[in-house]
Amino acid sequence: MTPTPTTGAILVVDFGAQYAQLIARRVREAHVYSEIVPHTVTAAEIASRAPAGIIFSGGPKSVHVEGAPAVDPAVYELGVPIFGICYGAQLIAQQLGGSVANTGVGEYGRTDLDVVAPGVVFGGGQPAHQQVWMSHFDSIAEPPAGFTVTAVTDQIPVAAMENVERRIHAVQFHPEVVHTPHGQQVLEHFLYDVCGCGPTWTMGSVIETQVEAVRAQVGDARVICALSGGVDSAVAAALVHKAIGPQLTCVFVDTGLMREGEGDQVVETFQRHQGIELIHVRAADRFFERLAGVTDPEDKRKAIGELFIRIFEDVSGGIEDARFLVQGTLYPDVIESGTASAAKIKSHHNVGGLPEDMAFDLVEPLRLLFKDEVRKVGTELGLPDEIVWRQPFPGPGLGVRIIGEVTPDKVAVLQRADAIVREEIRAAGLEREIWQAFAVLPDIRSVGVMGDERTYGYPIIIRAVTSEDAMTADFARLPYDLLERMSQRIIGEVPGVNRVAYDVTSKPPGTIEWE
């Protein structure tokens, strides 16, 4: 596995916050590397990573409830700068001898904040009266000894506090959300002025670091890349090719679960335009055979992930010294597949779906990155826009957009309906605004009337979302006339479909994909 650059990083300690990933992203937007760690991390483990600073996230619990998450008290003695947010601020107050009270009055949503002592994080010409986003019921009643109150609201006496000598700062509000207009400035003052970080986390530096890491990991061995045709695997392939050149062979497994025409497009792009050796494996029959009778989404993902690896192992038999497998695993994939600090939401075929007896060592040069960072890396590497800005596509392909058993007939229906959705999004000029837009085929049928005759056909569900990194997403507010065109075309052009619905669920509570 490609090593991660933790020395000099900002560690975001996750107390179960809704916004932990957002905090990490905001730090990276300031061009400082950040990584999420569980609240069970010990002071010794933190010290071994020599971070530039630590951020305590918010969290859903009260510091007073039994079993409330806490941090190793020895963390405060490391001399590493600490910044607490919401629950993290309350925890700092409680653990260092202040008091946290349940006053019976919480603050939720937009709140007016008065800066009473600019201190460090409110510097840089920020207004003394500003709007912030609050979401808390408990409040800091008394700061610990040695702390100065730097901001208040009408409801709480300690909305922000700091101990400059110990380099510990805390705010009751959420600076990471866009509803706090000066929040990014607050974070950057902590990063630059308290932690002494510089804006060095750039995509150019990521490429340089990972090129060196890949070379160190694989030496002169042969490497194969699991090329799916999506953005992640394409950028991973280009990055590894930059590192080791002809030692890399890409393997494109045409599963039969791709979008309409996508298999031919992938082969054309990489063989003709990228100059990377590519082996094209047509394996649709094997995947349909393996998925026959499989309906549980976790079973489908794992079946697809395992068969991918078995096919790569078969292909690698003809490639001398092929001991390494490149994958386009991203940071959200790792988080959603379950970590010490995050419950498993779903297994990603390239993380939780891998077989334990796999014959390859993994090379994952994008494992540190969010999706928008991957696109920037792709652009930096010179990949064309049609690859870099391709909408995200799950590794298991249409296998997880067909609810229930996957069959060739269902795939054909979904391919055509999905193509219509994407064509209409493109024609409406919304391709860059929409994170993902696609069709889903559920495992039900409904009665309809077409040509004065009764029909009993499939519904198609249209899913379109806006997002920054896929960790959270909102359903896209598509114009009604666009939805109407999609519906008319799908029903008129796709045999076996007599109904179209639009999914208006955000993430959370739903996920972007249906399975």
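Which residues point one way from S13, and which the other way? In this predicted model, Leu 248, Cys 250, Phe 252 and Asp 254 point one way from the strand, while Thr 249, Val 251 and Val 253 point the other way. Residues on both sides are buried.

**Strand S13 and its partner**

Strand S13 covers residues 248–254 and is mostly covered, with seven of its seven residues buried. In a regular strand, side chains alternate between the two faces of the sheet. A pairing in the parallel sense, over five bridges, links S13 to strand S12, which comprises residues 222–227. Within this pairing, Val 223 stands opposite Leu 248 of S13. Leu 248 itself is among the buried residues of the strand.

**The chain as a whole**

The protein chain contains 14 helices and 21 strands. Its radius of gyration is 25 Å, close to the 24 Å that the globule rule gives for 515 residues, so the chain is as compact as a globular protein of that length. The C-alpha trace spans about 75 × 65 × 40 Å along its principal axes. Of the 515 residues, 57% are buried. Among contacts with a separation of 6 or more, 75% are accounted for by residues 24 or more positions apart.

The chain exposes about 20700 Å², of which carbon and sulfur atoms supply 50%. As for charge, there are 42 positive and 68 negative charges, and the mean positions of the two sets are 4 Å apart.

**Backbone geometry**

Two residues other than glycine with positive phi values are set out below.

| Residue | Phi | Location | Relative accessible area |
|---|---|---|---|
| Cys 86 | near 55° | loop between strand S4 (82–85) and helix H3 (87–95) | 5% |
| Arg 167 | near 60° | loop between strand S10 (160–163) and strand S11 (168–171) | 32% |

Cys 86 is buried, whereas Arg 167 is partly exposed. The loop that holds Cys 86 leads from a strand to a helix; the loop that holds Arg 167 lies between two strands.

Cis peptide bonds occur in the segment after strand S21 (497–502), where Pro 508 is placed. One of these bonds joins Lys 507 and Pro 508, with omega about -10°. The peptide bond from Pro 508 to Pro 509 is cis as well, and its omega is near 15°. Pro 509 is likewise found in the segment after S21.

How values were computed: Residues are numbered from 1 along each chain as its sequence is written. This is a predicted model: local features need pLDDT of at least 70, side-chain atom pairs count only at pLDDT 80 or more; totals for chains, interfaces and linings use all residues. Side-chain values use heavy atoms; hydrogens and water are left out. Helices (H or I, at least four residues) and strands (E, at least two) are DSSP runs, numbered from the N terminus. The radius of gyration is taken over C-alpha atoms; the globule rule is 2.2 Å times the number of residues to the power 0.38. Buried means under 20% relative accessible area, exposed over 50%, partly exposed in between (1.4 Å probe, protein chains only). Contact means heavy atoms within 4.5 Å. Accessible areas come from the Shrake-Rupley method with a 1.4 Å probe; for residues, only the protein chains shown count as cover. Lys and Arg count as positive and Asp and Glu as negative; His and the chain ends are not counted. The place of a charge is taken as NZ of Lys, CZ of Arg, CG of Asp or CD of Glu. Two strands pair if DSSP finds at least two bridges between them.
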